[in-house]
Amino acid sequence: MQLDGLNKEQKLGVTTTEGPLLILAGAGSGKTRVLTYRTAYLIEEMGVKPYNIMAITFTNKAAKEMRERIDKLVGNEDGGVWVSTFHSACVRILRRFAERIGYGNNFTIYDSDDSKTLIKHILKDLQIDSKRFKEKMFMGEISSAKNELIGSLEYRNRFSNDYKLNVVGQVYQEYEARLRQNNAFDFDDLIMKTVELFKTVPEVLNLYQDRLHYIMVDEYQDTNNAQFQLIRLLAGRRQNLCVVGDDDQSIYKFRGANIYNILNFEKHFPDAKVIKLEQNYRSTQVILDAANGVIKNNVGRKAKKLWTEKSGGDKITFRQFESAYEEADYIAMDITSKCRDGLYSYMDDAILYRTNAQSRILEEKLMHLNIPYKIIGGVNFYSRMEIKDILSYLHVIENVQDEIAIRRIINVPKRGIGAASLEKVSTFARANGYSFYESLLKAKDIPTLGKAADKIKKFTDLIEELREDTKTNKRIALLIRNVYEMSGYAEALRLENTEESKARLENLEELYAKGVSYDEGTEEPTLTGFLEEVALVAQIDDLEESKDYVVLMTLHSAKGLEFPNVYMAGMEDGLFPGFMSMMAGDDSEDMEEERRLCYVGITRAKERLVMTAAKKRMLRGEIQYSSASRFIKEIPNNLLDNNSPSMYELGFAGRKEDTFSPKKPARSIATSYGSSGSSYQNSYSSTSSSIYGARKPSMASGSYGSGVQKKLPAYIVGDKVKHRKFGEGVVSDILDKGRDYEVTVLFDTAGPKKMFASFAKLEKI
DNA sequence: CACAGGTCTCTTTTT
DNA sequence: GAGACCTGTG
């Protein structure tokens, strides 16, 4: 087999097949390459059957990529290598064997919304004041316990003398009981219950140990204890376990990841060999030096230093702005000018930030400049209200024990079944030992219900009919449509007839479309399979790298990706590193994790890295003032280009004047304006403030937006257009007002409105 | 029981 | 600034 394209260490990683192996793979050092070649090597040179190999990743996207690359090398024969995420692998195992630990094989997977709802119900029933103890606290505690494989009974025993944890224990125990009643697993259960299954039913474990001779784990630094135990069990006596990771990229502590899994790998597996991949094939020397400069401030790490043959490179741009608006404006304009000059395409650019909330302003600016973009994260498609509603119907159809799903939809659309009636059903169920759904079926036997019994009957009839339907109809798309049509859900939205309800209807159609593509792309479509896929998608999974758009996402989501031109926005103390980690202290573990996150961000960049900060930004409805991030100061100064850029440099020559010369500067700070001539100053070392300080953000955004060359609208008089707020209307006039076009629209419902073209975001329809 | 309108509370990050 | 939650009214 040809291994010529690999360096010495990579080759070693490929050919060291027996026994435990830790590959410490720095950012961009070609670890996926090693893993795929290693798999091919096992098959072609060692004669291992693909069936006996497993590769585990964290996201479907990573799994899919690896699968494709393996298939390219060795083809996809006899079932092929088992490439899967932790969660899907466990679901697959549990679907086969859940009955062995007292669950039905048709179990539902609860997302965190569902868990939260369940906790809410429990707090109410146990009469725990949810003001004093927050649901989030319970969720966090229970999740950590599960990640540590601590069951509810053990938890209660262990923490019985602490008042708060004692309450948590009670809730945990009840939570477990109800998950079981509902035949549901939460995310953490998927791993924990699989481990439990392996431990309590040895023959199941044997089955998998016999099959899986070689196991590989990607992103090992992000594994939690439950995952560690799972892997250890699977690796069994053979111990042909190859883990790949980078302790410097461990950024999921909040989710239970235990960095000591990778730091102590050699202790856990005494015969382990260690290979370091330190040659970076991604970034320029400048970028790597910056990354090294930052990460070397962490103490708890394995010594390593990335190097590259790509010496030199563009300096890293750092700019601090007066406000988040100006920051966003700069980034958007920079992208425009770079793309216009042909240096980069949109798909080469990524904007990374610490918190999802930062995306909004950036999005606005990109929209204004007509830059195609895609935001990863934020509100998941599948967690939108209408989508969750329809999915809840599907969950009930699949598993009638799912009380959370039933309660969610029993009165959606409105059927006149209120909280009081549900309480009566619930009481009846408890008194007679029925499940919630069984009680609904027996509603007419509940004397206190009165007229509500008929309404409930209609609901159960609907569910029964839909369940009947699934026996003959195997097409998910059709089932989805049946659900929203037969339930009256779509009809209710059509009657509402608002912008919002229309958007929701569109989302239903999108869900239908997802059903269609599932039906088409799956050999044997099942409701179970569809719901599973939906439950386990990650935000990053729907990034399409071949499409020409700028990607916006959190630093967390960006791990594993690379882009020629990267923007890191919001480089401010208090935001990044976050407030909490600053409180925890300079050398706290929290701060080290933030620093690793910064390292991850920097190392995403191949050629060009731009870091920006704002002195002032809105945070939770309050104006927050911050100074530049300490991480900026950790980058060696000679790598930074922090000269004051002019509008000239940005390629907007000639627009400078009308952008930054307001007619009437705000009184109180009038003296400071004009001192710099540009608000794109680098204030890292400067103290001058701009006139924008005293203006309302909305004004500011309106005013410097005009620095953008005005564009002829994409519509003409007489066209039908759509506005986000006002709905649809007809363009009755377009006037050239110098800086922008003023458009008059006669809206169907809102009446005539005048607006500036570049802000109105009118869409031709 | 449904809905409108007012009040309160906010961390990150996500499989 | 947004979303969850509560409360009063019809």
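These legends walk you through four close-up views of a predicted model of a protein with DNA.

**View 1. The protein surface around DNA strand B.** Here 27 residues surround DNA strand B, and the closest are Arg354, Asn356, Lys414, Gly418 and Ala538. Of the strand B atoms that come within 4 Å of the protein, 62% belong to sugar and phosphate. Sorted by class, this surface holds nine nonpolar, 11 polar and seven charged residues.

**View 2. Polar contacts to DNA strand B.** Look for Thr554, where a polar side-chain atom sits 3.0 Å from a phosphate oxygen of DNA strand B. Ala420 uses its backbone instead: an N or O atom there lies 3.4 Å from a phosphate oxygen of strand B. Two elements, helix H19 (419-432) and helix H26 (555-558), each give two or more residues to the surface near DNA strand B. H19 gives the most, with three residues.

**View 3. Arg620 and its neighbours at DNA strand C.** The residues around DNA strand C are Lys120, Arg620 and Gly621. Sugar and phosphate make up 27% of the strand C atoms that come within 4 Å of the protein. A side-chain N or O atom of Lys120 is 3.2 Å from a phosphate oxygen of strand C. A polar backbone atom of Arg620 is 3.4 Å from a base oxygen of strand C, while an N or O atom in the Arg620 side chain is 3.3 Å from a base nitrogen of DNA strand B.

**View 4. A nonpolar patch on the surface.** Phe579, Met580 and Met583 form this patch, and together they have about 390 Å² of accessible area. Met583 belongs to helix H27 (residues 579-584). Met583 counts as exposed because its relative accessibility is 60%, and the cut-off for exposed is over 50%.

Technical notes: Residues are numbered from 1 along each chain as its sequence is written. Chains are lettered from A and ligands numbered from 1 in the order in which they are written. This is a predicted model: local features need pLDDT of at least 70, side-chain atom pairs count only at pLDDT 80 or more; totals for chains, interfaces and linings use all residues. Side-chain values use heavy atoms; hydrogens and water are left out. A residue is near a molecule or strand if one of its heavy atoms lies within 4 Å of it. A polar contact is a pair of N or O atoms within 3.5 Å; within protein, one must be able to donate a hydrogen and the other to accept it, and residues adjacent in sequence count only if both atoms are side-chain atoms. Patches are made of residues with over 30% relative accessible area and no salt bridge: like charges are joined within 9 Å, nonpolar side chains (Val, Leu, Ile, Met, Phe, Trp, Tyr) within 5 Å. Accessible areas come from the Shrake-Rupley method with a 1.4 Å probe; for residues, only the protein chains shown count as cover. A salt bridge is a side-chain nitrogen of Lys or Arg within 4 Å of a carboxyl oxygen of Asp or Glu. Helices (H or I, at least four residues) and strands (E, at least two) are DSSP runs, numbered from the N terminus. Buried means under 20% relative accessible area, exposed over 50%, partly exposed in between (1.4 Å probe, protein chains only). Ala, Val, Leu, Ile, Met, Phe, Trp, Tyr, Cys and Pro count as nonpolar, Asp, Glu, Lys and Arg as charged, and the others, Gly among them, as polar.
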